[in-house]
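This report concerns a loop residue and a set of charged side-chain pairs. The chain under discussion is shown here.

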Amino acid sequence: MKRKVCLNLSLSSVLLSGILAQSSHVTAQVVIDQNDIKQPFSSSLRQVTNVNQLRDIAPTDWAYEALRSLVDRYGCISGFGDQTYRGNQPLSRYEFAAGLNSCLNQIERLIASQEVDNPDLASIQRLQDEFADELKAIEGRVDNLETRAASLEDDQFSTTTKLRGQVIFSLTNAFGDDKAVPFGATAGSAGEVEDETVFDNRVRLNFDSSFTGKDLLKVRFDALNVERFGVGVTGTNMTRLAFDRPLNNDFAIGKLFYRFRATDKLRFVIDGTRGRYNANISNTFNDFFANPFKGSVSNFGRFNPIYIQGVGGAGVTAVYQLNDAIAFNAGYLARNADNTSEENGLFDGSFAALAQLDIAPMKNLNFGLTYVRAYYPAGKAFVTGGTGSRLANAPFGNIDTSADHFGLQTSLSFNPIEISGWAGYTIANAETDGVGIEAGDNSEVLNWAVSLAFPDLGGEGNVAGLIVGQQPRIIDSDTDAEEDDSNWHLQAQYRYRLNKNVSINPGLIAILNPENNDDNETVYVGTVRTIFEF
């Protein structure tokens, strides 16, 4: 005897109500993700023959009986490949179509085998006639969706690469009387501050490719024409902006690296050129201001200068996530890795080797302990990464110099403020003799800063910021070239988001006692950036 299955009106009503609910919310515009085209839901959903096959469904769940009924009586429930039902997540149109198709196939089988009661057949026929127009409309929309999906797949730029772009327009001016001069020089002897307003621009085109879904090959092209507001304009590099690099709007490679995971916990970054530790390691502890486009308007305000060591070089960085609270970072960057001449190359020229331990004892509190060992051949001193005073950046002039850098960073988040800060201490060593300098002489350099970020101030996506600190200065030296006066870096800025693609970012930088010389007058730099993202 055939088993009698009663397909009641309730099930048909539920299915058709779902159809109508879907049709009432569908618009003519459909956005399709590449992964939806490559991996349709039909291949990831599997038929369930027993509700106990679903790992995330328990008899205590409020919908347990309903799911068991649909499985046992009609055999039209599908689960995901990992034996989950994911009942709490939003339902996509693909998933709805897969579930509905499963139930309709079962209904057709029951009808063909004459296992459905005549009253149920009559109910189904009546509902089919009543909603014929809606069903036809849905069929047309599905056909249109398939056509557009095929078109996107045929015409896409690349199956592995996405293009992201950023553009900045900026108006910038420096203010002040006399240019700053180094400690010990005569104030006013360098002339007046160049106070002309300039219009600058910068373009970034990022080609991001992934071959496994867990890796990234980045090729970035930069074109910019940004005045360097440093020694030539104000007498000091303490006033430099975050994104200055005069290229006369010629395109050049701004970034080239490949990032991949060796294991779930171990990640590598291989830099081909223009490498930076701040882009490679797990944290720089200044999230709102680290980015040169959308973050701090000043170079110093982005993060501890320890992360600038090795900038522009080639090498490898590894990040090992021990657990949710601890990560270890290690890296090596050579600044002239492609140069075959003496005191260059991967291991014989300027390099920076980094080790960092990240500690997150609480969800909203992070610490970082960082060490960098660096070497700079004659004429290539870069001790403070182009921040701070000219003396701090090259304590021994143009002779071979090495340095041990130590950094302590932290960030603390509590609504509606995020506080970040760092302290950097450097011991620079003279590697050869020079005028008034003996090999083995050392100089000690100190810097610190505190930043306050006010996210969503005045609207979602906006960020207001204040940064206070002291840029690198020599606090002790065997050569007696010490800087007794301390500079003060004061910065205020506000990024206002017009929409998700356009922001306006005014900012003001004030440097008191520039070049660590209190005979110098305060210098200012004001800028207004318009940021486009696409």
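The sections below treat the surroundings of one phenylalanine and then the salt bridges of this predicted model.

## The loop residue F211

F211 sits in the loop that runs between strand 4 (198–209) and strand 5 (216–225). Its relative accessible area is 51%, and F211 is therefore classed as exposed, since the exposed class begins over 50%.

Beyond its neighbours within four places in sequence, F211 makes contact with T160, L217 and Y258. For one of these partners, T160, the C-alpha to C-alpha distance to F211 is 6.3 Å, although 51 residues separate the two in sequence.

## A salt bridge between strands 4 and 5

Side chains of opposite charge can pair when their charged atoms come close. Across the whole structure, eleven salt bridges are found. One of them joins the side chains of D208 and K218, with an N to O distance of 2.9 Å. Because D208 belongs to strand 4 and K218 to strand 5, this pair ties together parts that lie ten residues apart in sequence.

Both partners fall under the 20% limit for burial. D208 is buried at a relative accessible area of 14%, and K218 is buried at 9%.

## The R220–D222 pair

R220 and D222 also form a salt bridge, in which the closest N and O atoms are 2.9 Å apart. R220 has a relative accessible area of 9% and is buried. D222, with a relative accessibility of 0%, likewise counts as buried.

## A link between distant parts of the chain

Where does the chain connect R390 to E515 through a salt bridge, and how far apart are the two in sequence? R390 lies in helix 10 (residues 390–393), whereas E515 is in the loop between strand 17 (502–512) and strand 18 (523–533); the pair thus links distant parts of the chain, 125 residues apart. The closest N and O atoms of this salt bridge are 3.6 Å apart.

The two partners fall into separate accessibility classes. R390 is partly exposed, with a relative accessible area of 33%, while E515 counts as buried at 1% relative accessibility.

## A shared network

Salt bridges with partners in common join R202, R220, D222 and R245 into one network. The R220–D222 salt bridge described above involves two members of this network.

Conventions: Residues numbered from 1 in each chain as written. Predicted model: local features only at pLDDT ≥ 70, side-chain atom pairs only at ≥ 80, totals over all residues. Heavy atoms only, no water. Helix = DSSP H or I, 4+ residues; strand = E, 2+ residues; numbered from the N terminus. Buried < 20%, exposed > 50% of the residue type's maximum accessible area, 1.4 Å probe, protein only. Contact = heavy atoms within 4.5 Å. Salt bridge = Lys/Arg side-chain N within 4 Å of Asp/Glu carboxyl O.
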